[in-house]
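Colleague: Please take a close look at a single part of this model and describe it together with what lies around it. I would like the terms explained as you go.

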Amino acid sequence: MEILVLCIDRDDDLGRKAGIVSPVVGRAANVEATLALGLADPEDSDVNTILGGIQVYDDLASQGRAVEIAAVAGDPNVGLVSDGKIAHQIDYLLERFRPQGVVVVSDGAEDEAILPIIQSRVKVEGVKRVLVKQSHNLESTYYLLKQVFRDPKISHTFFIPIGLALLIYSTFSFIGRSDFAVMAILAAVGVYLLFRGLGLDDFIDSTKETFKGNLYRGKIAFITYVLAAVLVLIATIQGSAKFWDYYTGDIWYGYIVLMMVFVYYSVWWYVAAAICVNLGQVLDLYIEGVGDERAYSYPFFILATGLIFWSASVFILVNSAGMAFPLISGQSTQYLAASAVLAILITLLGVKISRKMVERR
């Protein structure tokens, strides 16, 4: 046989709506299938697809070419499932008729996504897209938009800010403070955009996968991750509580001082959380017999970083807010310098321990 006309119904409207089993082979069978589908749903675009295929069949037959027509259908679960069913039907038709080429008839971009599967099996002589004139490109546009919004990264970026804005506005309207709604919306959307822009969402996703992997494999890191999460929660609550105390106090210190208050009361909790995470990783590496000498130096770097942040917060609180600390008041500069030197020494100690571990191997 010379040409096989293939009508594509990727989401199986023929089966779901008209109860027709595919493939539907032959002109007469396709006319009956078109009538059945049209009676079941006159607005279905696949009716036009099969009619367009019949028209192509008649044109080729009038030229004296050996031609046959077949309609193949997939599955409502459009994607791998539907494409697999269509591929199986195409293999059957190619084995049965052995055509030299095929003409593909579809109603838009969604059905034409099956083209690579067809081209890998047989030569495609042509593609005919059947569209209702009153809605030219409408289905293709809808399909492209659906594919775009199906991507989690795009849908999250687009829908979450809109959802946040609507939720915040409705909440403030409900409590009778709609005058604060715009400010709250801008703040929430701004935080969200920073969150996405800095890649924190990817970090959280990777942390979640690591957490699940540690749980399933029974690693010690699972417990240390849980402990670290508790410590982070404690740090955030304690820092936020002190921040709020100074924010609502009688004296206004400024936002920089308030941030340093948060750092001063929370930084060591965050340091402890980071060291817990590292400790779990080190223990798992030791148990598995895997050598990663760099992991042994991380706690020293974390400790040195926490010391720098803590001493800097103390320096700013003493000099900008006039707060008093035992053994520090009046000597904040010397204390900051000593902390910097101590942080460097701690870092060097971590590097030395890491090198000794390498030499032992």
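Modeller: The expected span of a helix is 1.5 Å times one less than its number of residues. Helices (H or I, at least four residues) and strands (E, at least two) are DSSP runs, numbered from the N terminus. The model is predicted, so local features need pLDDT of at least 70 and side-chain atom pairs count only at pLDDT 80 or more, while totals for chains, interfaces and linings use all residues. Residues are numbered from 1 along each chain as its sequence is written, and side-chain values use heavy atoms, without hydrogens and water.

The part I take is helix α4, residues 80-97. With 18 residues, α4 reaches 26 Å from its first C-alpha to its last, close to the 26 Å expected at 1.5 Å a residue. Nine positions are named as buried (under 20% relative accessible area; exposed is over 50%, partly exposed in between, with a 1.4 Å probe and protein chains only). They are Ser82, Asp83, Ile86, Ala87, Gln89, Ile90, Leu93, Leu94 and Phe97. These buried residues of α4 pack against the strands β1, β2 and β3 and against helix α6 (115-119), where contact means heavy atoms within 4.5 Å.

Next comes the end of the helix. α4 is followed by arginine 98, whose phi is positive, near 45°. Most residues other than glycine have a negative phi, and most peptide bonds are trans. Arginine 98 is not a glycine, yet its phi is positive. This arginine sits in the loop that leads from α4 to β4 (101-106). Because its relative accessible area is 56%, arginine 98 is exposed.

Now the partners of α4, beginning with β2. The loop between α1 and β2 holds proline 23. The peptide bond joining serine 22 to proline 23 is cis, with omega about 5°. Helix α2 (residues 27-40) also packs against β2: its buried residues are in contact with α1 (13-18), β2 (24-25), α3 and β3. Strands β2 and β3 therefore appear among the partners of the buried residues of both α4 and α2, as judged by the contact distance.

Helix α2 has 14 residues and reaches 20 Å between its end C-alpha atoms, close to the 20 Å expected. Asn30, Ala33, Thr34, Leu37 and Gly38 are its buried residues. They lie on the same side of α2 because they cover an arc of only 130° around the axis, the arc being that of the directions from the helix axis to the C-beta atoms. An α-helix has 3.6 residues a turn, so residues three or four places apart point the same way. On the other side of α2, Ala28, Glu32, Leu35 and Leu39 are exposed.

The other two strands that α4 packs against, β1 and β3, also take part in a cavity. A cavity is a set of points on a 1 Å grid over the protein atoms alone where a 1.4 Å probe fits but cannot get out, and its lining residues have an atom within 4 Å of a point. The structure holds one cavity of 30 Å³ or more, and about 40 Å³ of space lies in the largest cavity. Such a volume is the space filled by probe spheres set on the points, which are joined across faces, edges and corners. β1 (3-9), α3 (45-62) and β3 (67-73) each supply at least two residues of the lining. The lining consists of Cys7, Ile8, Asp9, Leu14, Asp46, Thr49, Ile50, Ala71 and Val72. By class, six are nonpolar, one is polar and two are charged; Ala, Val, Leu, Ile, Met, Phe, Trp, Tyr, Cys and Pro count as nonpolar, Asp, Glu, Lys and Arg as charged, and the others, Gly among them, as polar.

After β1, the loop leading to α1 contains aspartate 12. Aspartate 12 is not a glycine, but its phi is positive, at about 60°. This aspartate counts as buried because its relative accessibility is 15%, whereas arginine 98, at the end of α4, is exposed.

Last, the setting of α4 in the chain. The chain has 14 helices and five strands. Of its 361 residues, 36% count as buried. Among contacts between residues at least 6 apart in sequence, 67% join residues at least 24 apart.

Methods:
1 Å grid on protein atoms, 1.4 Å probe; cavity = no way out; pocket = protein on both sides within 12 Å on 5 of 7 lines; lining within 4 Å.
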